[in-house]
Amino acid sequence: MTPTTEERRRQFEAEALPHLDAVYRYAHTLAGDPTQAEDLTQETMLKALRAWHQFERGSNARAWLLTILRNTFINEYRRRQHQGETVDLAGLEPYHVFREVQEVDPEGRFFANIVDDEVLRAIGALPEEFREVVWLSDVEGFPYAEVARLLEVPIGTVKSRLFRARHALQQRLYDYAVEMGYVKRRAS
Amino acid sequence: MSAAPRSIDCREAVERLYEYLDQELTPEVRAEVEHHLRSCAGCFRHFDFERAFLRFLEARARGRGAGPEVKQRILRELFGPEEA
C-alpha cells in the first residue's frame, strides 16, 4: 500500500525536517559559503521529499539526508566551488599540543576562549577529505562505520584522516590561542 | 566473571586514545585502557585533555544552523506558499 501524499508529507515533516540544521551545517562545510549552503540544502530537501518512498523507515534519516546532500554536492557543486586556503597536514607531530600545554593548562581551559567563527574557519581550511571526516565524526557524532559508509571509504581511512584532521585543528587553534594570549607558549 | 584485563603500557594506551574516546573499542580493549588509566596519571591527564578538545569542537561547530528565514524559504519551496 502506498501512503497518500498527505501521509508522506507528515512522515517527511516528522522524520526528515528535524535534520534541516544538520543538512545546512554540512552543506556550509562542504560548499564554504552561506548562499551555496542554502541552495544546496534546498535542493537536498527537495530531492529527499521526492525520493521519500525510497527511504527505509526506521533507518537513520540524518545519514540518508547527508548522503543525498553529499552526492548533490559532488555532482553539481564541487566544480563551482571556490578553493580557499588549505592547510598542509604533512609533518604533524602527534599530540604535540598536549605536550605543549600539559604544564600550564592540562585541562585545555584555553579552548573556552576561542570563538565559534575561529573554529569554523579552522575546519574550513582543512582539505575536503579531512574536513568531511571531522565534521561527520566530531560534529555530527556518527560512528566510524557510518562515516565510512557515507564517504565510501574503508574504516581505516576514516581513522587515519580523523587522527590527522584533529591534530591539524588542535595545532591551528592552539597557535591562535597563543597569539591571542589565551595560553602561554612553553618556554623552549 | 571475566579475567583481569591485560596490562598495557603508555604507548599502547595512547594508540587507542581516539578509539577509546569515540567509543569504538571492544569491551576487552576498553577495559585494558581503563585499567591503564587508573594507574597512570600522565595518560589520564592526556585522555582528559583530548576529551575536552573534542567536546569543545562539537559545541563550537554545532552552533551554525540555518536561520529562521532560510528555513521558511525552504519550507515554501518544499510544500508551497501556504507554509509561510
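A residue counts as buried under 20% relative accessible area, as exposed over 50%, and as partly exposed in between. These cut-offs are applied below to a predicted model. Gly42(B) shows how they work. Its relative accessibility is 41%, so Gly42(B) counts as partly exposed. This glycine is found in helix α4 of chain B. Its C-alpha atom is separated by 8.7 Å from that of Cys10(B). Along the chain, Gly42(B) and Cys10(B) are 32 residues apart.

Chain A is described next. Chain A has nine helices and zero strands. Read from the N terminus, its elements therefore run α-α-α-α-α-α-α-α-α, since only helices and strands are numbered as elements. The C-alpha atoms of chain A fill a box of roughly 70 × 30 × 30 Å along the principal axes. Chain A has 188 residues, and 52% of them count as buried. Contacts in chain A with a separation of 6 or more were also examined. Of these, 71% join residues 24 or more positions apart.

Helix α6 of chain A spans residues 116-124. Its buried residues are Glu118(A), Val119(A), Leu120(A), Ala122(A) and Ile123(A). An α-helix has 3.6 residues a turn, so residues three or four places apart point the same way. The buried residues of α6(A) pack against α2, α7 (128-139) and α9 of chain A. They also pack against α4 (41-61) of chain B.

The contact between the two chains takes 48 residues from chain A and 33 residues from chain B. About 3,900 Å² of area is buried between them. Carbon and sulfur atoms give 63% of this area. Phe49(B), Arg60(B) and Arg64(B) supply 21% of the area that chain B buries against chain A. No other three residues supply more.

Two charged residues illustrate contacts between the chains. Arg25(A) is found in helix α2 (residues 20-31) of chain A. Its relative accessibility is 6%, under the 20% limit, so Arg25(A) counts as buried. The side chain of Arg25(A) makes a polar contact with the side chain of Glu140(A), at 3.1 Å. Residues up to four places away in sequence are not counted among its neighbours here. Within chain A, Arg25(A) touches Trp135(A), Val139(A) and Glu140(A). In chain B, Arg25(A) touches Ala61(B), Arg62(B), Arg64(B) and Gly65(B).

Glu19(B) lies in helix α2 (residues 17-21) of chain B. Is Glu19(B) buried or exposed? Its relative accessible area is 15%, so Glu19(B) is buried. Neighbours within four places in sequence are again left aside. Glu19(B) is then in contact with Tyr144(A) and Lys159(A) from chain A. Its contacts in chain B are Glu24(B) and Leu25(B).

Empty space inside the model was examined next. Rolling a probe the size of a water molecule over the atoms shows where empty space is left. The structure holds one cavity of 30 Å³ or more. About 30 Å³ of space lies in the largest cavity. Which residues line the largest cavity? The lining is made up of Leu92(A), Glu93(A), Tyr95(A), His96(A), Val97(A), His167(A), Gln170(A) and Gln171(A). The elements that give two or more residues to this lining are α5 (96-101) and α9 (155-179) of chain A. Helix α9(A) gives the most, with three residues. By type, the lining divides into three nonpolar residues, four polar residues and one charged residue.

Two residues of chain A stand out by backbone angle. Most residues other than glycine have a negative phi. Tyr95(A), one of the residues lining the largest cavity, has a positive phi of about 55 degrees. Tyr95(A) is found in the loop between α4 (61-77) and α5 of chain A. With a relative accessible area of 6%, Tyr95(A) is buried. Glu152(A) also has a positive phi of about 55 degrees, although it is not a glycine. Glu152(A) lies in the loop between α8 (144-151) and α9 of chain A. Its relative accessibility is 63%, over the 50% limit, so Glu152(A) counts as exposed.

Notes:
Residues are numbered from 1 along each chain as its sequence is written. Chains are lettered from A and ligands numbered from 1 in the order in which they are written. This is a predicted model: local features need pLDDT of at least 70, side-chain atom pairs count only at pLDDT 80 or more; totals for chains, interfaces and linings use all residues. Side-chain values use heavy atoms; hydrogens and water are left out. On a 1 Å grid over the protein atoms alone, a cavity is a set of points where a 1.4 Å probe fits but cannot get out, and a pocket is an open set with protein on both sides within 12 Å along at least five of seven lines; lining residues have an atom within 4 Å of a point. Grid points are joined across faces, edges and corners, and a volume is the space filled by probe spheres set on the points. Helices (H or I, at least four residues) and strands (E, at least two) are DSSP runs, numbered from the N terminus. Ala, Val, Leu, Ile, Met, Phe, Trp, Tyr, Cys and Pro count as nonpolar, Asp, Glu, Lys and Arg as charged, and the others, Gly among them, as polar. Buried means under 20% relative accessible area, exposed over 50%, partly exposed in between (1.4 Å probe, protein chains only). Contact means heavy atoms within 4.5 Å. A polar contact is a pair of N or O atoms within 3.5 Å; within protein, one must be able to donate a hydrogen and the other to accept it, and residues adjacent in sequence count only if both atoms are side-chain atoms. Buried area is the accessible area (1.4 Å probe) that two parts lose on being put together, summed over both.
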